[in-house]
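Hi everyone, thanks for coming. I'd like to take a few minutes to walk through a structure with you, so let's put it up on the screen.

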There are 2 protein chains.
Amino acid sequence: MSKDQRMVNAFDPATASQLPAREQVLIERRRQSLGSAYRLFYEQPLHVVRAEDVWLYDPDGNAYLDVYNNVASVGHSHPRVVAAIAQQAATLNTHTRYLGDGIVDYAERLLATFPAETSQVMFTCTGSEANDLALRLAWNATGGKGLIVSSHAYHGVTSSVAECSPAFGDGVPLGVHVRTVPPPDSYRQGPDAGKRFVEGVQAAIADLQRHGIQPAALLVDTLFTSDGVYPEPVGCLARAAEVIRAAGGLFIADEVQAGFARSGSHFWGFQRHGVVPDIVTMGKPMGNGHPIAGVVARPQIIDAFGSRVRYFNTFGGNAVSCAAGMAVLDVIRDEQLQQNALETGAYLKAGFEALAARHELIGDVRGAGFFLGVEMVRDRASKAPASVETARIVNALRQRRILISATGPAGNILKVRPQLVFAREHADMLLGALDEVLAAG
Amino acid sequence: MSKDQRMVNAFDPATASQLPAREQVLIERRRQSLGSAYRLFYEQPLHVVRAEDVWLYDPDGNAYLDVYNNVASVGHSHPRVVAAIAQQAATLNTHTRYLGDGIVDYAERLLATFPAETSQVMFTCTGSEANDLALRLAWNATGGKGLIVSSHAYHGVTSSVAECSPAFGDGVPLGVHVRTVPPPDSYRQGPDAGKRFVEGVQAAIADLQRHGIQPAALLVDTLFTSDGVYPEPVGCLARAAEVIRAAGGLFIADEVQAGFARSGSHFWGFQRHGVVPDIVTMGKPMGNGHPIAGVVARPQIIDAFGSRVRYFNTFGGNAVSCAAGMAVLDVIRDEQLQQNALETGAYLKAGFEALAARHELIGDVRGAGFFLGVEMVRDRASKAPASVETARIVNALRQRRILISATGPAGNILKVRPQLVFAREHADMLLGALDEVLAAG
């Protein structure tokens, strides 16, 4: 996710006096106790007290359609996940220095969704920790330090991961060992996008080497969601992986966004590209909101690390986390949510394409399954980003009780990322509201 | 905690064939799916399936007294914490970009346990993330990069925090900007320990400056638990804080071990020293096993960061985490657990001192509240560490169904870290068993 772009749609504290008294008081208390690093979505922040399925509720009982939340991915407050957490918390919640059945059962079940080559998992609590551990694994396995990421990548908040997350902007300098490459922008580059991406990786490798920095890894979100959602052309990540490996580096697939069935056609985003990564990181939807994340890798990479380093994550892989993770896998399977992401995602994409036929502002509709990008442009010839208009749309939808955000360096791409349980009726609500907002201009 | 020393008491896979078949199978499945970076406690690993209060249970229903666990601090599976988690998970579990009451209520309640100067909190999911964020805050506020930690410190597993955790040993090189200082070893240095610690900090500052590295922070576990548990002399951290501040750096108190009433006399370890830190980090016991951690700091430090950097931790401070954290604070207050740590901790310490009068192996007994160190030495004149004997004691206690560990660079210090609900009867069990083990030689 783009931190810069979130801010395009953010609350400006200077306008607090326009809010209801109850929210003014809460915002002031929040500012006092949490300080200035915490931001709020939307010109008019949303105060939530309850959530269920695809709905968030404010204190007055108004329902808001959540088209943003890939964390509570199988639905807010899903009863099976809640029951699994409650039951396990009442039974046992301890760490991985004791033998436990739950972590092994879950690890095997999770690994069964992966190619045979990536056969081991290490658990963390957050996607940031997962990416941080992936860097440690890659540095250790390759002896190199150099990292290549996409131009507007976001990989997390630990210091090492933040310095390879250009989405933070100037406030967080990139590491001296970090290089960026433009994402495969199929909208502006057409069929050449994949080739140009691979050439970019090659150039970044050469630049690292020219500076005496050995490449350690190419780290990419397999849907390039922070860059603006670029699921095409499929196959380009396989070629990029070949290029980084030829230079002695590893290919790390960041599946925090694309993973856990979101892309519809596959359980993992890298599978769309026909590539087997060396390391895969995952997080957000893994426990439907419970803090669990992880790193899956080829065993030789983990062995090379484990033979030198003892890694113990106090809460990582604890009994409750694994119960939550297992329940999420159960629900995805039993409610056929990957199929729903494929089918309802296609329905939703077709709906946006129909809107594009009537609204000039929509320059491009792209995506896979339940991660779509709807790019807004000032005019279709120049493709100039319609950033202000997009922020207005996001806030106008919020006033219509539909929650959505924007992505990309210019914040002009609607980030459509519903929960996996999103149904056609919800898609119709979203499409209808967007149609009205676009018509209102 | 010392990663090196944990290994003194660790399971050796080569001995797996001596275990029951059920555990052999589980260990092999675990090795296949989790790989070699995961270690197990004890020569004979413990297989746990259930836990309650101060007891862990194996599959055969045998109860093990937990004298190790500062995570499930208010007691395993505490019903109030479980109920808070279950109820909140069924109601709402979302992030900090929306307005929520729970996070603000909890932040205010938590901050009320702090001095007025440290008035803002940022939430993370793990102590590692908290320390990592503390480094980012310190680097940003001071413009410096240099870090000073104790000789055998452990601060976590992110790459930036691991490289200032000398407890990992040679497998994890220290950062070029990291300097170490010996802890205030009251056992070997006597009344000079505090003065020598402060002189060590001064020397580390000078060495950083000589290398052109501006000091950013002195980061210490306020009970020096990984170094071997050094709660005395009180006041030395206040003098060390003055020294680092005079050099333009900050004083960061790592309360992951000492915090949340463990020291008995105070809620936070730094309070024993009469110092107000610039930044405080906390973790393990904060949610009784639920992954929640945090950073409390002076608002000007957070403002300096927040004005440049947007920090969003997806699960950090989510509604369920805050409900768990609030329930823990409620239980500590309502069950008067700080008072219990003070009184039963003193009882336990006196019990160890009585054992020391009869067993030459015990060289020193020290600690505060419910974090005690019992140092084992070959002879009391040379104070040579009795490392092998300590490992044997830890494993012998495990065979008697009492779970404990060792700490310090030589692994010769029993780490006595019971849950806050530990009662005199449990102390008597531990003391009686240790007496027998020591008598058996």
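Let me begin with a question: how many residue pairs are in polar contact across the interface of chain A and chain B, counting those with both residues at pLDDT 80 or more? The answer is 43. And please keep in mind as we go that this is a predicted model.

Who supplies the chain A side of that interface? Helix α2 of chain A, residues 21–34, gives the largest share of the side that touches chain B, with nine residues. Sorted by class, the chain A side has 48 nonpolar, 30 polar and 21 charged residues.

Now for the extent of the interface. In chain A, 99 residues are in contact with chain B, and chain B answers with 99 residues of its own. Between them the two chains bury about 8700 Å², and 56% of that area is on carbon and sulfur atoms. If you want three residues to click on, try Tyr98(A), Leu99(A) and Arg310(A): they supply 11% of the area that chain A buries against chain B, more than any other three residues.

Next, the charged pairs. Side chains of opposite charge can pair when their charged atoms come close. Over all chains, the count comes to 48 salt bridges, and four salt bridges are found across the interface of chain A and chain B. Let's look at Arg29 in each chain. Arg29(A) forms a salt bridge with Asp105(B), with 2.7 Å between the closest N and O atoms. Over on the other chain, Arg29(B) meets Glu108(A) in a salt bridge, at 2.8 Å from N to O. Here Glu108(A) belongs to helix α4 of chain A, residues 101–111, while Arg29(B) sits in helix α2 of chain B, residues 21–34, so this pair joins two chains.

On to symmetry. How are the two chains related? A rotation of 180°, with 0.0 Å of shift along its axis, superposes chain A on chain B with an RMSD of 0.0 Å. That is the relation of a two-fold axis. If you'd like to find the axis on screen, go to Ala86(A): in chain A, its C-alpha is the nearest to the axis, at 2.5 Å. What's more, 100% of the interface residues of chain A are also interface residues in chain B, so the copies meet through the same surface.

A couple of backbone details for the geometry fans. Most residues other than glycine have a negative phi, and most peptide bonds are trans. Against that background, have a look at the loop between β7 (215–221) and α9 (236–246) of chain A, where Pro233(A) is found. A cis peptide bond joins Glu232(A) to Pro233(A), with omega about -10°. Chain B has a cis peptide bond between Glu232(B) and Pro233(B), again with omega about -10°. Back in chain A, the loop between β7 and α9 also holds Val229(A), whose phi is positive, near 70°.

Finally, a word on confidence. Chain A averages a pLDDT of 96, and 98% of the residues score at least 70. Among its elements, strand β8 of chain A, residues 250–254, has the highest mean pLDDT at 99, and helix α1, residues 3–8, the lowest at 44. Residues 1–6 of chain A fall below 50, and in the model this stretch has 36 contacts beyond near neighbours in sequence.

That's my tour, and I'm happy to take questions.

Terms used. Residues are numbered from 1 along each chain as its sequence is written. Chains are lettered from A and ligands numbered from 1 in the order in which they are written. Side-chain values use heavy atoms; hydrogens and water are left out. Contact means heavy atoms within 4.5 Å. Buried area is the accessible area (1.4 Å probe) that two parts lose on being put together, summed over both. A salt bridge is a side-chain nitrogen of Lys or Arg within 4 Å of a carboxyl oxygen of Asp or Glu. A polar contact is a pair of N or O atoms within 3.5 Å; within protein, one must be able to donate a hydrogen and the other to accept it, and residues adjacent in sequence count only if both atoms are side-chain atoms. Helices (H or I, at least four residues) and strands (E, at least two) are DSSP runs, numbered from the N terminus. Ala, Val, Leu, Ile, Met, Phe, Trp, Tyr, Cys and Pro count as nonpolar, Asp, Glu, Lys and Arg as charged, and the others, Gly among them, as polar. pLDDT is the predictor's confidence in each residue, from 0 to 100. Copies are superposed by least squares on the C-alpha atoms of residues with pLDDT of at least 70 in both.
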